[in-house]
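The report that follows describes a single protein chain, moving from one residue and its neighbours to the wider fold. Please read it with the sequence and the model at hand.

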Amino acid sequence: MAQPTDPDPRATLRGCLPDRYLTPDDIAKIFEVPLETVYQWRKKRTGPPGFRIGKHLRYDPVDIHAYVIDRKNVDRYAA
């Protein structure tokens, strides 16, 4: 059976981690938010940690996974 050409980006977090660093576009797709939101998170230091390679912003998939786990715990205990 054929695989979908545009798989659900959240599958990245549910399944295995990708073997490459993620771009801001990747982060926006994974979290289903506008790209500008990703940049605002970085500016306000509220989103997942990123780093620069030259002028390019990248995110480590391990850090993204840890960020999601942390957000789940914060939301769980905030109620």
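## Leu22 and the nonpolar core

Leu22 touches Ile27, Ile30, Leu57, Arg58, Tyr59, Pro61 and Ile64, when residues up to four places away in sequence are left out of the count. The model in which these contacts are found is a predicted one. Leu22 also belongs to the largest nonpolar core, which has 8 residues in all, the others being Ile27, Ala28, Ile30, Val38, Leu57, Tyr59 and Ile64. Helix 2 gives the most to this core, with 3 residues.

In soluble globular proteins, nonpolar side chains tend to be buried together. Within helix 2, the buried residues are Pro24, Asp26, Ile27, Ala28 and Ile30, a list that includes the acidic residue Asp26 alongside Ile27, Ala28 and Ile30, which are themselves members of the largest nonpolar core.

## Asp26 and its partner Arg20

Asp26 is placed in helix 2, which spans residues 24-31. Is Asp26 buried or exposed? With a relative accessibility of 15%, Asp26 counts as buried, because the cut-off for that class is under 20%. Leaving aside residues up to four places away in sequence, Asp26 touches Arg20 and Tyr21.

The side chains of Asp26 and Arg20 make a polar contact of 2.8 Å, and the two residues also form a salt bridge, in which the closest N and O atoms are 2.8 Å apart. A search of the whole structure finds 1 salt bridge. Side chains of opposite charge can pair when their charged atoms come close. The two partners are not covered to the same degree: Arg20 counts as partly exposed at 43% relative accessibility, whereas Asp26 is buried at 15%.

## An aromatic cluster across three helices

The count of aromatic pairs comes to 3. A pair of aromatic rings is described by the distance of the centres and the angle of the planes. For Phe31 and Trp41 these values are 5.9 Å centre to centre and 80° between the planes, and the pair is edge-to-face. Phe31 lies in helix 2 and Trp41 in helix 3 (residues 35-44), so this pair ties together parts that are 10 residues apart in sequence.

Phe31 also pairs with Tyr67: the ring centres lie 6.2 Å apart and the planes stand at 85°, so this pair too is edge-to-face. Here the link is between distant parts of the chain, with Phe31 in helix 2 and Tyr67 in helix 4 (residues 61-78), 36 residues apart. Through ring pairs, Phe31, Trp41 and Tyr67 are joined into a cluster. Within this cluster, Phe31 is partly exposed, with a relative accessible area of 22%, while Tyr67 counts as buried at 15% relative accessibility.

## Positive phi in two loops

Which residue with a positive phi follows helix 2? Helix 2 is followed by Glu32, whose phi is positive and near 55°, although Glu32 is not a glycine. Glu32 has its place in the loop between helix 2 and helix 3, and with a relative accessible area of 52% it is exposed.

Arg45 likewise has a positive phi, near 60°, and is a residue other than glycine. Arg45 lies in the loop between helix 3 and strand 1 (51-53). With a relative accessible area of 78%, Arg45 is exposed.

## The chain as a whole

How many helices and strands make up the secondary structure of the protein chain? The total comes to 4 helices and 2 strands, and reading along the sequence gives the pattern α-α-α-β-β-α. Of the 79 residues in the protein chain, 22% count as buried, and the accessible surface of the chain comes to about 6100 Å², with 54% of that surface belonging to carbon and sulfur atoms. Where contacts join residues at least 6 apart in sequence, 39% of them are between residues at least 24 apart.

Helix 2 recurs through these sections: it gives the most residues to the largest nonpolar core, it contains Asp26, whose salt bridge is formed with Arg20, and it carries Phe31, which pairs with Trp41 in helix 3 and with Tyr67 in helix 4.

Conventions:
Residues numbered from 1 in each chain as written. Predicted model: local features only at pLDDT ≥ 70, side-chain atom pairs only at ≥ 80, totals over all residues. Heavy atoms only, no water. Buried < 20%, exposed > 50% of the residue type's maximum accessible area, 1.4 Å probe, protein only. Polar contact = N/O pair within 3.5 Å; in protein donor to acceptor, adjacent residues only side chain to side chain. Contact = heavy atoms within 4.5 Å. Areas by Shrake-Rupley, 256 points an atom, 1.4 Å probe, with all protein chains shown as cover. Phe/Tyr/Trp six-rings, centres within 6.5 Å; stacked < 30°, edge-to-face > 60°. Core = buried A, V, L, I, M, F, W, Y, C linked by side-chain atoms within 4.5 Å. Salt bridge = Lys/Arg side-chain N within 4 Å of Asp/Glu carboxyl O.
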